[in-house]
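Reader: I would like a close look at one part of this model, namely how its chains are placed against each other and what lies around that arrangement. Please take me through it step by step.

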Protein chains: 2
Amino acid sequence: MTADIVAADGIAQPDTGPAVAGAEAAQSRLLRACRREPVDATPIWLMRQAGRYLPEYRALRERHAFLEMVKTPELACEVTLQPLRRFELDAAIIFADILPPLESLGFELEFHEGSGPLILNPLRRAADVAALSASEGDEGWSFTLQAIRLARRELGGGAPLIGFSGAPFTLACYAIQGSGGGDFAVARRFMMNEPRAWHAFMDVLARLVGRYLAAQVAAGAQVLQLFDSWAGLLSPADYREFVLPHSRAALAAVEGSGVPLIHFATGSAGLLELMYEAGGDVIGLDWRVDLEAARRRLGEGVCLQGNLDPVTLLAEPKALEARAVAVLKSAAGRPGHIFNLGHGVLPQTSPDNVRRLVDLVHEWSVGSQGGADG
Amino acid sequence: MTADIVAADGIAQPDTGPAVAGAEAAQSRLLRACRREPVDATPIWLMRQAGRYLPEYRALRERHAFLEMVKTPELACEVTLQPLRRFELDAAIIFADILPPLESLGFELEFHEGSGPLILNPLRRAADVAALSASEGDEGWSFTLQAIRLARRELGGGAPLIGFSGAPFTLACYAIQGSGGGDFAVARRFMMNEPRAWHAFMDVLARLVGRYLAAQVAAGAQVLQLFDSWAGLLSPADYREFVLPHSRAALAAVEGSGVPLIHFATGSAGLLELMYEAGGDVIGLDWRVDLEAARRRLGEGVCLQGNLDPVTLLAEPKALEARAVAVLKSAAGRPGHIFNLGHGVLPQTSPDNVRRLVDLVHEWSVGSQGGADG
């Protein structure tokens, strides 16, 4: 149970330990961009950069089930590092899933090949909220904390490590609906019909998420992203009433930690101001909103992350390059931009295109932000 | 091939014919609202108001395949009228599907129970665009024109009849991808990689849609809606370059007809200004954008349609009523609002809730727009 498995796979970084690495990583492009400081080139990482588009990931998946990979720290660490060996990415993101923390509340989670996650005992009645075992334990994430420790050791003073959690709303969607995809009509109907029970459940989830994020910081995560994958299903009025206070509570738990917070949702073009009100040093944009328009709406006080259409990585190099440059131009070289896709890397993406994108972002933006010394 | 089947089912309206009916219908709430004239109560119709949530629709579907119902004018007319017999709706919308017009271009269409539409010969190579049979015929919609004639006769001077078409982009998505759902990555990659062929294909589709819409007006449609169901998959920059000119061309074909045009897309919170630039007297909003915010963005010169979350119709009456009133309040009683859902009625919706909503919208809004005489 050490990092030897990973090291044996050829990771070359010296094991300098988190203390030294932390000091060096604080100088990184990503962390500087989160603080809206000038950088030598625009930092880039990609949601789902560790995933099925990589042959080395698929090779591991042939031997291990998805949840097994998530729950085995050495495997999760290995997958976390895979894309960093290929590409000059400016961050690693811990390989994990948003749902295992629900196991800390007594939800039973299964993943079936091809059909995605299932909650075997979804919450369907208001009375069930009181019965939730609001454990103070970490059985839903101890493996991820250990993976973070291993990955930090391997990364040394290199790329910073991003930790993450599902947001309370997105966790509630799965916990009530019992499965993913679609419009989460059962979960959203529960929200509408049972507002008291909803808020009580979201309180529980916000505390859970807050504890989980704080534990990731303690384990070595240097940036955190709150994924509210399904917030884009909500009207602005429902988001404000039923989601915003709980996302704010979850983020508030780590606001004093010194670790930058990225707040991301898809389909969020109607929600940006409310998401920002809920919290985050960085707002993650999907590709259906103009980056310049988001800057106008949110002001200069926030870092923006995004927002290339993931399908662009399936296109030919010429089309890919034109679109990546368009995103860089819309960011206008101002401090406070992290390049990313507007959603995760699609499984059918070619790693060659990922390399092309990472290199282009760095080369095109060199000097465009005025250099690291401002 | 007459309306006898429908009439035998108990439609009571006198068969006054389109001429008289047209004059009377011009006074209707819906048509007045489209022109931003004051109305006695806010008009309401619902996308997919004719559909699976109605037992009488399901009873017909047990005996007839979906495409058979679309292509048999008497059945399409009957389904069109079903919700009007139950609810005080302010419009009928012709029962049709957006895909059959593609058959006019040589695409072969099939619907399979449970899996949705399939195009058996999708367009995959740029060279295939030139080979499209840009027929000037109406084999992809003659049945719908006949259904419109039948429905107009049955509706008499009552509720106006809405015709519709898929927008060029949404038709291109299906024609290239070959099937529905998901992210239409194949179609959008084609758009990125083959811009010339894309524009050539969209030109063909815009002419097709323009002819189809004009034919619906000639057959008796009194309002038209352009459904760009999948436009919300696009970045604003891609929409502007690859979609806007073609939607504009399609709408321009009927702009002088005197028939109000509704332009609708889902997930369009980032695209509203561009959709309005493309055309439409009415912009149809989905529920993920604030109606007041849309009014601020688009100005007073446009009528807005929407935008209750369809899941609201699954909720208990109290929650449904509060949310419906919130939409009415955000429309602030100003002329130029058509109440609708933000997307189609969900199949699991109770007809009782639809009745509740229709009645509430009328009762709540009586007098709020200052009466029909302003």
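What percentage of the interface residues of chain B are also interface residues in chain A?

Author: This is a predicted model, in which local features need pLDDT of at least 70 and side-chain atom pairs count only at pLDDT 80 or more, while totals for chains, interfaces and linings use all residues. Residues are numbered from 1 along each chain as its sequence is written, chains are lettered from A and ligands numbered from 1 in the order in which they are written, and side-chain values use heavy atoms, without hydrogens and water.

The figure is 100%, so the copies meet through the same surface, contact being heavy atoms within 4.5 Å. Chain B is superposed on chain A by a rotation of 180 degrees with 0.0 Å of shift along its axis, at an RMSD of 0.0 Å, the fit being by least squares on C-alpha atoms of residues with pLDDT of at least 70 in both. The two copies are thus related as by a two-fold rotation axis, and in chain B the C-alpha nearest that axis belongs to B:A269, 2.7 Å away.

As for the interior, the largest nonpolar core (buried Ala, Val, Leu, Ile, Met, Phe, Trp, Tyr and Cys residues joined through side-chain atoms within 4.5 Å, buried meaning under 20% relative accessible area with a 1.4 Å probe, protein chains only) has 278 residues. Those with the most contacts inside this core are A:F201, A:Y239, A:L357, B:F201, B:Y239 and B:L357. Leaving aside neighbours within four places in sequence, A:L357 is in contact with residues including A:I44, A:L46, A:L308 and A:F339.

Technical notes: Buried means under 20% relative accessible area, exposed over 50%, partly exposed in between (1.4 Å probe, protein chains only).
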